[in-house]
Every structure is written in C-alpha cells, then in structure tokens.
Amino acid sequence: MQTFTYHNPVQIVFGRETIARLRQLIPLSSRLLLTYGQGSIMRNGVYQQVKAALDKHTVYEFAGLEANPRYETCCKAVELCQRERIDFLLAVGGGSVLDGSKWIAAAALHQGDPWQLVTREAMVQQALPLGCVLTLPATGSEMNGFAVISRQATQEKYGFGSPHLYPRFAILDPTTTFSLDQRQIANGIVDTFVHVTEQYITTPCAAPLQDRQAEAILATLVEEAAKVQRQPDSYEVRANLMWCATQGLNGLIGCGVVQDWATHLIGHELTALYGLDHGQSLAVLLPGVWQYTRNAKQAKLAQFARRVWGQQGNEEELAQSAISTTESFFRSLGVKTRLSEYGIGEEAAQAVGERIEARGMPLGELANLGGKEVAAIVRLRL
Ligand code: NZQ
Ligand code: ZN
C-alpha cells in the first residue's frame with residue numbers, strides 16, 4: 001500500500017425530511033447565497049422546503065447554473081457575492097450546481113485571474129463556506145473537494161481540487177431524487193460505477209481492504225440499478241443509490257492505491273467538444289480504455305469479474321469478460337456505448353487525441369496514454 005493522508009471534514013445529514021435541518025446548520029447571522037440550476041428544484045418542491053427552513057435567514061439567490069457548469073455563468077454569481085458581501089453559499093441541486101458553487105466560493109475571495117483556479121495555474125488559498133442539498137446521486141462532489149468547470153468560449157472542461165472546497169455539510173434526502181428521469185438516474189449509476197473503477201481497476205497494490213470496499217460499492221450498485229428500474233418508487237433503493245454515489249468518490253477507497261482517471265479525462269473532452277452528458281461519455285469510453293490497456297489491468301479485471309460479476313475462468317478469459325459484461329450493464333441501463341450512436345465519427349479520435357497531446361500529461365495509472373494512444377482508444381468506440 002502506498003503512503004497516504006486522509007482527511008474528510010464533510011458532515012453528512014442523510015434521510016427523509018432532513019432539509020429542515022438547514023435552519024440549524026447555517027448560522028442565522030449569515031449573508032447567504034442560495035445557488036441552483038435550471039429549475040428542477042422548483043418543480044419537485046425542494047426549493048420550497050429550502051426556503052421554509054431558511055425563513056429566518058437573509059437569503060440571496062442565484063439561479064441558472066447549467067449542467068456542466070459554465071465559467072461564464074459562475075462569474076456572474078461571483079459579482080453578486082462581492083456586491084452583497086455574501087459569506088455563506090448553499091448549493092441546491094446536482095453535481096453541476098455543487099461544482100459551480102465550489103468555484104464561486106473560491107473565486108469570490110481570489111485575487112487575480114479566476115480562470116487560473118480551474119487550470120491549476122493558481123492554487124485555491126481560501127473559499128467561502130459552502131453547504132449543499134444534493135438532488136442527484138452521481139458525482140460524489142457532496143463529500144469531496146473537487147469541482148469540474150467548463151468554459152463555453154473555448155470548449156474546455158477541467159477539474160481541480162482543494163481542501164478549501166469541501167462542503168461544510170451535505171444534506172442527502174433520497175426523496176429529492178424521485179423526480180429524476182431515467183436518463184439522469186442511469187447517468188448517475190454509470191458515473192458512480194466509473195468513479196469506483198478508476199480507483200480499483202489498475203495494478204494490484206496490496207490493498208485488499210480498499211479492493212473489497214470498491215467491490216462492495218460496485219456489487220451494491222449493480223443490485224440497486226436492477227431494482228430502481230423495477231421499483232422506481234422505492235425509498236430504500238434511492239437511499240442505497242445515493243449512499244453508493246457518495247462513497248464512490250469521497251476519497252476512502254482511493255487511499256493508498258494507484259489511480260487511473262483516463263476515462264474521465266478523455267470523457268471531459270467528449271463533453272466539451274460534442275456535448276455528451278458526463279455519464280454518457282464514460283459509458284462510451286470505459287470499455288475502450290480497458291480494451292486498450294487490458295494487459296496491464298488483467299489481474300484486477302479478472303478479480304473484478306470473479307468477485308463482482310461472479311464469473312469463472314482463467315485470468316485472460318475473465319478480464320475479457322469483465323469488459324463485455326460491463327458494457328452490457330451500461331446498455332441494460334439504457335445508456336449508449338458507441339460514439340456512432342450519438343452521430344459522432346472518426347473526426348473525434350483525432351480531435352480528442354490532439355487535445356490530450358497538447359496538454360503534455362499522458363493519462364492512466366502508468367502515465368502511458370498520450371495523444372496517439374487516446375486517439376486509438378476513441379477509435380475503438382466509434
Ligand atoms: O439544472 P436543474 O434544473 O437542476 O436540472 C438538472 C440537470 O438538468 C437535473 N436534476 C438534478 N437534480 C434533479 C434533476 N432533475 C429532476 N430531479 C432532480 N432531483 O439533472 C440534470 C443534470 O444535473 P447535473 O448536476 O449536471 O448532473 P451530475 O450530478 O451528474 O453532475 C455532472 C457534473 O459533475 C461533474 C461532471 O463533469 C459534470 O460537470 N463531476 C464532478 C465531480 C466532482 N466534483 O467530484 C466528479 C465527477 O466525475 C464529475 O466529473
Ligand atoms: Zn465522474
């Protein structure tokens with residue numbers, strides 16, 4: 001196992017009717033900015049619950065953060081923070097609202113070009129305190145210090161992180177997820193699944209506890225994914241999906257192990273260039289990344305096939321079967337796994353490959369996937 005430090009300061013408040021707890025979680029003296037997306041919280045009653053809980057607080061509002069939150073929009077919220085001397089942020093929505101709000105929290109206190117926080121040319125030195133009410137289980141952003149921001153003008157999408165970006169608290173009320181449509185539920189399951197495999201399907205690290213924690217999340221996710229299709233009204237299923245998503249990227253299963261993240265970093269380019277949802281991009285790419293790197297990943301792919309999918313065979317057969325079974329799983333959720341199904345052709349391979357090459361940072365746990373290799377991976381998924 002590799003050396004690691006682990007610190008997670010996020011207070012989780014989980015369960016039904018927990019939105020009312022906002023009243024105690026945010027100091028009454030705060031000048032609070034409530035941030036949200038394109039209106040889902042108005043339609044499902046979450047906004048009304050939040051406002052009722054905060055009826056004694058001073059609340060400003062910023063609406064309109066997009067899926068894949070845009071730098072351009074977030075900048076407007078920073079102006080509002082500075083003008084109204086906001087000192088606490090409350091993000092209500094999915095990962096995009098949360099990520100946009102994390103950047104707003106940092107940019108509001110940053111001297112200098114705030115885009116550099118996204119490109120990591122500048123470090124986050126401080127951030128306004130932030131809490132969240134999560135309405136879409138997927139990203140794990142509610143319990144981590146990462147954010148992913150897109151810049152529309154240049155079609156760029158980057159992730160960055162800082163210990164200053166952990167939410168103070170996260171309210172996870174599974175009933176808020178009943179209004180999600182099938183596409184967003186499936187995207188969330190794929191995203192959670194791939195967060196786990198990015199930290200688990202690498203090279204063996206002599207970390208059996210982390211392996212089994214990862215396998216527990218994957219096995220639970222597969223079970224609950226089948227159930228949510230049959231029992232969309234089940235609170236228990238929604239609750240389990242939500243907790244899986246949080247556990248998938250709160251840092252715990254990544255302690256002391258090498259990590260991959262190639263699927264995510266290539267996926268961000270597909271989203272930035274072609275507008276695929278984050279989950280959609282991952283479902284297309286993961287089988288390709290595994291196919292391309294299967295020799296290096298063979299031992300873990302085989303372990304995964306045995307322990308999560310319950311398969312038997314020799315290591316080579318198991319590794320191959322892990323890839324095809326995972327693709328079938330994504331398809332069973334109704335998520336496409338080929339670029340051609342989105343009307344994207346050969347040009348994507350070159351475009352994405354060139355972008356990865358230009359960054360000069362080869363991807364994967366072995367840092368051996370440069371532009372040429374990434375183009376080949378994308379070509380496998382046409
Ligand atoms: O904008 P509104 O109206 O709220 O609608 C959203 C949006 O259209 C809707 N939605 C959210 N909760 C809902 C709901 N609709 C009905 N009922 C509800 N309860 O769902 C749509 C998608 O929301 P979004 O927040 O974009 O989805 P998600 O949570 O999947 O977030 C995706 C973003 O997170 C980033 C992705 O790159 C992408 O930008 N990621 C962030 C990570 C992190 N911070 O650690 C890690 C991830 O790997 C990921 O990259
Ligand atoms: Zn993700």
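1. An oxygen atom of ligand 1 sits 3.5 Å from an N or O atom in the side chain of His-268, and this contact is a convenient place to enter the structure, which is a predicted model. Two further side chains offer polar atoms to the ligand: that of His-195 has one lying 2.7 Å from an oxygen atom of ligand 1, while that of Asn-44 has one lying 3.5 Å from a nitrogen atom of ligand 1. On its own ligand 1 has 970 Å² of accessible area, and the protein covers 89% of that area.

2. The surroundings of the ligand deserve a careful look, since 32 residues lie around ligand 1, and those that come nearest are Ser-40, Gly-95, Ser-96, Ser-179 and His-195. By residue type, the shell around ligand 1 is made up of 20 polar, nine nonpolar and three charged residues. Several elements contribute to this shell, with at least two residues supplied by each of helix H5 (95-107), strand E6 (146-151), H7 and helix H10 (262-274).

3. How is the protein divided into domains? The domain assignment gives domain 1, covering residues 11-176, and domain 2, covering residues 182-380, and the shell around ligand 1 takes at least three residues from each of these domains. Taken over C-alpha atoms, the centres of domain 1 and domain 2 are separated by 26 Å, and across the boundary 25 residues of domain 1 are in contact with 22 residues of domain 2.

4. Is Thr-177 buried or exposed? Thr-177, which is placed in the loop between strand E8 (169-172) and helix H7 (182-200), counts as buried because its relative accessibility is 1%, under the 20% cut-off. If residues up to four places away in sequence are not counted, Thr-177 touches Thr-135, Pro-137, Arg-238 and Met-242; of these, Thr-135 and Pro-137 belong to the range of domain 1 (11-176), and Arg-238 and Met-242 to the range of domain 2 (182-380).

5. Gln-116 lies in helix H6, which spans residues 115-119, and with a relative accessibility of 27% Gln-116 counts as partly exposed. Apart from residues up to four places away in sequence, Gln-116 touches Glu-121 and Ala-122. The C-alpha atoms of Gln-116 and Glu-215 are separated by 37 Å, and the two residues stand 99 residues apart along the chain.

6. Two residues invite a check of their backbone angles, given that most residues other than glycine have a negative phi. Arg-120, in the loop between H6 and strand E5 (130-134), has a positive phi of about 70° although it is not a glycine, and Arg-120 is exposed, since its relative accessible area of 61% is over 50%. Asn-68, found in the loop between strand E3 (58-62) and helix H4 (71-83), likewise has a positive phi, near 60°.

7. Which residues does Thr-325 contact, leaving aside its neighbours within four places in sequence? Thr-325, part of helix H13 (residues 315-332), is in contact with Trp-309 and Gln-311. A polar atom of the Thr-325 side chain also lies 2.6 Å from the backbone oxygen of Ser-321. Computed along the sequence Thr-325 and Ala-305 are 20 residues apart, whereas in space their C-alpha atoms are 8.4 Å apart.

Technical notes. Residues are numbered from 1 along each chain as its sequence is written. Chains are lettered from A and ligands numbered from 1 in the order in which they are written. This is a predicted model: local features need pLDDT of at least 70, side-chain atom pairs count only at pLDDT 80 or more; totals for chains, interfaces and linings use all residues. Side-chain values use heavy atoms; hydrogens and water are left out. Helices (H or I, at least four residues) and strands (E, at least two) are DSSP runs, numbered from the N terminus. Buried means under 20% relative accessible area, exposed over 50%, partly exposed in between (1.4 Å probe, protein chains only). Contact means heavy atoms within 4.5 Å. A residue is near a molecule or strand if one of its heavy atoms lies within 4 Å of it. A polar contact is a pair of N or O atoms within 3.5 Å; within protein, one must be able to donate a hydrogen and the other to accept it, and residues adjacent in sequence count only if both atoms are side-chain atoms. Accessible areas come from the Shrake-Rupley method with a 1.4 Å probe; for residues, only the protein chains shown count as cover. Ala, Val, Leu, Ile, Met, Phe, Trp, Tyr, Cys and Pro count as nonpolar, Asp, Glu, Lys and Arg as charged, and the others, Gly among them, as polar. Domain bounds come from an automatic or database domain assignment.
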